[in-house]
Amino acid sequence: METTDTTQTSSTPFPNIPPVIESNDSEYLDSGVPSTVAIAGHPLHPLSVIFPIAFLAAALGSDIGYWLTHDFFWARASLWLIGLGLAGGLLAAAIGLSDFLKIERVRKRTAGWVHLILNVSILVLSLVNFLLRWGDAESRIVPWGLLISLVVGTLTSASGWFGAELSYRHKIGVVGAGSRRYP
């Protein structure tokens, strides 16, 4: 019978964590830090990001649709989707910024800062993309509008990863009675 070595160098429940990802036993073992913007204990930030993410992802899809068909419908759809994604993103940003400013644990983590910087970048690029198309939704899609939409989609995926790090690894914005300060 063959035996395998299961010894871990860290006592965290996450084996083989790359060194760029922070992990802290005390955060994992505590009950978590509730969001500062919640209804009946349910954090609003995860709810508020769903539509902006969907709208901006769909804008990339409609840009590709325009690129393949040159149908004005897709150009107009992209403009609306980017505008709605930007408006919803501003609301989600206000809610997320409240947690960032009021919960010290978020500011003490690289994931919190990366998540913030990526989201600000997404909003700025979406604004540029929207203004680029305003008044002439069709002529600016290829190549710049499509390229910006692709970058926004990529940054959104990365930002979502770091947002999940804050929730699942650092237990921020969850139901719990942990300290908002660094444990």
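Arg169 and Glu165 both sit in helix H7, four residues apart, or about one turn of the helix. Their side chains meet in a salt bridge, 2.7 Å from N to O. Arg169 has 11% relative accessibility and counts as buried, because the cut-off for buried is under 20%. Glu165 is buried too, with a relative accessible area of 9%. The model is a predicted one.

**Overall layout**

The protein chain has seven helices and two strands. Read from the N terminus, its elements run α-β-β-α-α-α-α-α-α. Of its 183 residues, 37% count as buried.

**Salt bridges**

Side chains of opposite charge can pair when their charged atoms come close. The whole structure holds three salt bridges.

| Salt bridge | Closest N to O distance |
|---|---|
| Arg133 with Asp63 | 2.6 Å |
| Arg169 with Glu165 | 2.7 Å |
| Glu104 with Lys108 | 3.6 Å |

Which parts of the chain does the pair of Arg133 and Asp63 link? The pair in question has its closest N and O atoms 2.6 Å apart. It joins distant parts of the chain: Arg133 belongs to helix H6 and Asp63 to helix H3, with the two positions 70 residues apart in numbering. Both Arg133 and Asp63 are buried.

Glu104 and Lys108 form a salt bridge with the closest N and O atoms 3.6 Å apart. Glu104 counts as buried, at 14% relative accessibility. Lys108 is partly exposed, because its relative accessible area of 45% falls between the 20% and 50% cut-offs.

**The largest pocket**

The largest pocket holds about 760 Å³ of space. It is lined by 34 residues, and the closest to its centre are His45, Val49, His115, Asn119 and Ser159. Several helices contribute to the lining. Helix H2 (45-48), H3, helix H4 (72-102), helix H6 (110-133) and H7 each supply at least two residues. By class, the lining has 19 nonpolar, 14 polar and one charged residues.

**A nonpolar surface patch**

Ile64, Trp67, Leu68 and Val142 make up a nonpolar patch on the surface. Together they have about 390 Å² of accessible area. Which helix gives the most to the patch? Helix H3 (residues 50-69) does, with three residues. Val142 lies in helix H7 (residues 141-169). Its relative accessible area is 36%, so Val142 is partly exposed. That value also passes the patch cut-off of over 30% relative accessible area.

Definitions and conventions. Residues numbered from 1 in each chain as written. Predicted model: local features only at pLDDT ≥ 70, side-chain atom pairs only at ≥ 80, totals over all residues. Heavy atoms only, no water. Patch = residues over 30% accessible without salt bridge, like charges linked within 9 Å, V, L, I, M, F, W, Y side chains within 5 Å. Areas by Shrake-Rupley, 256 points an atom, 1.4 Å probe, with all protein chains shown as cover. Salt bridge = Lys/Arg side-chain N within 4 Å of Asp/Glu carboxyl O. Buried < 20%, exposed > 50% of the residue type's maximum accessible area, 1.4 Å probe, protein only. 1 Å grid on protein atoms, 1.4 Å probe; cavity = no way out; pocket = protein on both sides within 12 Å on 5 of 7 lines; lining within 4 Å. Points joined across faces, edges and corners; volume = space filled by probe spheres on them. Nonpolar A, V, L, I, M, F, W, Y, C, P; charged D, E, K, R; others polar.
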